[in-house]
Amino acid sequence: MVLHKVARRNEIQENKGKEVKIENARIAVFYTKGKYYAIDALCRHQDGSLAPGRVDGEIVECPLHSWHYNVRTGELLDYVKGVKLTTYEVIIKGNDLYLDV
């Protein structure tokens, strides 16, 4: 795996997300309850970006059709059983955020 700098800590506000692209992967980075999480950015329903979605605790809501994912586990919480987005480790070095991809 390789570390990729994706943001500075102050770029992602509480209960917000940011989408980044690393090679061919679109990844959403979220900050909630004092922790950073990263998952695949695209909702499995119609490929809408989860990054601008509403965040409540560990849950992000897709802004297109309200599908809900756990940002810690990547698990889809409604509609279809067994769907899980890839999660990525967020590493903090000083004021910078890195993903291990």
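Strands are DSSP runs of E with at least two residues, numbered from the N terminus. In this predicted model, one such run is β6, which spans residues 59–61 and contains Ile 59. A good place to begin the tour is the sheet to which this strand belongs.

Three strands make up that open sheet, in the order β5-β6-β7, and their pairing is antiparallel. At the edges stand β5 (54–56) and β7, each of which pairs on one side only. Neighbouring strands of the sheet are turned against each other by 25° on average, with direction ignored. Between β6 and β7, which run antiparallel, there are three bridges. Val 60 has its bridge partner in β7, namely Tyr 69. As general background, the strands of a sheet pair through backbone hydrogen bonds, either parallel or antiparallel.

Two residues of this sheet deserve a closer look, one from β6 and one from β7. Ile 59 has a relative accessible area of 25% and is therefore partly exposed, since that class lies between the buried limit of under 20% and the exposed limit of over 50%. When neighbours within four places in sequence are set aside, Ile 59 is in contact with Arg 54, His 68, Tyr 69, Asn 70 and Leu 77. A further reference point is Thr 86, which is 27 residues from Ile 59 in sequence and 15 Å from it in space, C-alpha to C-alpha.

Asn 70 is found in strand β7, which covers residues 68–70. With a relative accessible area of 9%, Asn 70 is buried. Which backbone nitrogens does the side chain of Asn 70 reach? One belongs to Arg 72 and lies 2.7 Å from a polar atom of the Asn 70 side chain. Another is the backbone nitrogen of Thr 73, which the side chain of Asn 70 reaches at 2.9 Å. Apart from neighbours within four places in sequence, the contacts of Asn 70 are Ile 39, Glu 58, Ile 59, Glu 75 and Leu 77. Leu 77 thus appears in the contact list of Ile 59 and again in that of Asn 70.

The loop between β6 and β7 holds two further residues of interest. Ser 66 is located in this loop and has a positive phi of about 65°, although it is not a glycine. In general, most residues other than glycine have a negative phi. At 31% relative accessibility, Ser 66 counts as partly exposed. The other residue is Trp 67, which is buried, with a relative accessible area of 12%.

Trp 67 also leads to the aromatic pairs, of which the count comes to two. The ring centres of Trp 67 and Tyr 79 are 5.2 Å apart and the planes meet at 25°, so the pair is stacked. Because Trp 67 lies in the loop between β6 and β7 while Tyr 79 lies in the loop between β7 and β8 (87–88), the pair ties together parts that are 12 residues apart in sequence. How accessible is Tyr 79, buried or exposed? Tyr 79 counts as exposed, at 59% relative accessibility, whereas Trp 67 is buried.

A second open sheet also has three strands, here in the order β1-β10-β9, with antiparallel pairing. Its edges are β1 (3–8) and β9 (90–93); each has a single partner strand, so one side of each is left without a neighbour in the sheet. The average turn between neighbouring strands of this sheet is 35°, direction ignored. Five bridges join β1 to β10 (residues 96–100), and the two run antiparallel. Ala 7 has Leu 97 of β10 as its bridge partner. Elsewhere, Lys 93 lies over the face of Tyr 98, at 5.6 Å from the ring centre.

The last stop is the hairpin of β2 and β3. Seven bridges join β2 (residues 16–22) to β3 (residues 25–32), and these strands run antiparallel. One bridge partner in β3 is Ala 28, which is matched with Glu 19. Two residues lie between the strands of this hairpin, where Glu 23 takes a positive phi near 55°. Glu 23, a residue other than glycine, sits in the loop between β2 and β3 and is exposed, with a relative accessible area of 64%.

Technical notes. Residues are numbered from 1 along each chain as its sequence is written. This is a predicted model: local features need pLDDT of at least 70, side-chain atom pairs count only at pLDDT 80 or more; totals for chains, interfaces and linings use all residues. Side-chain values use heavy atoms; hydrogens and water are left out. Two strands pair if DSSP finds at least two bridges between them. Helices (H or I, at least four residues) and strands (E, at least two) are DSSP runs, numbered from the N terminus. Axes are lines fitted to C-alpha atoms, for helices over the stretch in contact, and angles run from 0 to 180 degrees between N-to-C directions. Buried means under 20% relative accessible area, exposed over 50%, partly exposed in between (1.4 Å probe, protein chains only). Contact means heavy atoms within 4.5 Å. A polar contact is a pair of N or O atoms within 3.5 Å; within protein, one must be able to donate a hydrogen and the other to accept it, and residues adjacent in sequence count only if both atoms are side-chain atoms. Rings of Phe, Tyr and Trp (its six-membered ring) pair if their centres lie within 6.5 Å; planes under 30 degrees apart count as stacked, over 60 as edge-to-face and the rest as tilted. A charge sits over a ring if NZ of Lys or CZ of Arg is within 6 Å of the ring centre and within 35 degrees of the ring normal.
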